[in-house]
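Biologist: I should like a close look at the paired charged side chains of this protein, with the burial of each partner taken into account. Please begin with one residue and work outward from there.

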Amino acid sequence: MEETVKAKSPDVQALKQNEKKWTPTMMKAGWSAFPNIIIEKQRALGLDAMDMNILLHLVQYWWLEENVPHPSVATIADAIGVTPRAIQKRITALQAAGLITREERRHSKFGSQTNLYRFDGLIKACLPFAEEKIAAAKKKAEDEKDRVKRKKPKLVVNNDAPSV
C-alpha cells in the first residue's frame with residue numbers, strides 16, 4: 001500500500017526552518033513577522049533604537065490586519081525597561097513623524113481602554129525603499145543571467161603559424 005505524501009505548505013516549511021534556527025520551544029512561545037526593510041532603513045526613516053524597540057513590541061500584538069495592536073503603555077515600558085512617560089514621548093514623536101497613528105479609546109472622563117496603533121504611515125514610508133531593493137535584486141539577477149549567457153571567447157589555434 002502506497003502512502004501519498006502531502007507537500008508541506010510554504011507557511012509550515014517556514015515555521016520548521018524557524019524552529020531549526022530558534023528551537024521549537026521558542027517558536028511555540030510566540031513569534032512576530034517584521035519586514036527587513038524597516039530594519040535596514042531605520043536610519044533613513046528617522047528611527048532610533050527606542051523607536052525600533054517600541055515598533056517591535058507593538059508588532060508582536062498584530063496578527064490580523066483588522067485587529068490592530070493595543071498594548072498598554074505600561075506593558076511596553078515594563079518590557080523595554082523604561083518609564084511609561086518615555087514610551088508616551090516616543091509614540092507621540094512617531095505619530096508626529098507620520099509613521100504610526102494612535103487612536104485613543106476614552107470611555108469616560110475617568111477611564112479609558114488602551115490605545116489602538118496603526119502602521120499605515122510606516123508602511124507608506126517604507127514602500128519606496130522596498131521597491132528600490134526589489135528592483136536592484138531583479139537587475140542583479142538579470143545581469144547575472146546575461147553574464148552567464150554571454151559566449152566566452154574561443155581559443156583559435158592557427159596551425160599555419162611558425163612554431164617558436
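Does Glu19 count as buried or exposed?

Modeller: Glu19 counts as buried, because its relative accessibility is 14%; buried means under 20% relative accessible area, exposed over 50%, and partly exposed in between, with a 1.4 Å probe and protein chains only. Please bear in mind that this is a predicted model, in which local features need pLDDT of at least 70 and side-chain atom pairs count only at pLDDT 80 or more, whereas totals for chains, interfaces and linings use all residues. Residues are numbered from 1 along each chain as its sequence is written, and side-chain values use heavy atoms, with hydrogens and water left out.

The side chain of Glu19 is joined to that of Lys16 by a salt bridge of 3.6 Å, N to O; the term denotes a side-chain nitrogen of Lys or Arg within 4 Å of a carboxyl oxygen of Asp or Glu. Because Lys16 and Glu19 are three residues apart in helix H1, about one helical turn separates them. Helices are DSSP runs of H or I with at least four residues, strands are runs of E with at least two, and both are numbered from the N terminus. Unlike buried Glu19, Lys16 is partly exposed, with a relative accessible area of 40%. In general, side chains of opposite charge can pair when their charged atoms come close.

The structure holds eight salt bridges, and two others merit the same attention. In helix H7, Arg147 and Glu144 form a salt bridge of 2.7 Å, N to O. These two are also three residues apart in their helix, so about one helical turn lies between Arg147 and Glu144. Arg147 is partly exposed at a relative accessible area of 45%, and Glu144 is partly exposed at 38%.

The side chains of Arg90 and Asp51 meet in a salt bridge of 2.8 Å, N to O. Since Arg90 belongs to helix H6 (residues 84-96) and Asp51 to helix H4, this pair ties together parts that are 39 residues apart in sequence. Asp51 is buried, with a relative accessible area of 1%, while Arg90 is partly exposed at 25%. Both residues belong to a network of salt bridges that also links Asp48.

The loops around these helices complete the picture. Between helix H1 (10-22) and H2 lies a loop that holds Thr23. Thr23 has a positive phi of about 85° although it is not a glycine. As background, most residues other than glycine have a negative phi. The relative accessible area of Thr23 is 37%, so Thr23 is partly exposed. Further along, Trp31 occupies the loop between helix H2 (24-28) and helix H3 (36-40), and Trp31 is likewise partly exposed, with a relative accessible area of 37%.

Gly46 sits in the loop between H3 and helix H4 (49-59). Because its relative accessibility is 55%, Gly46 counts as exposed. From C-alpha to C-alpha, Gly46 and Pro24 are 35 Å apart in space, with a separation of 22 residues in sequence.
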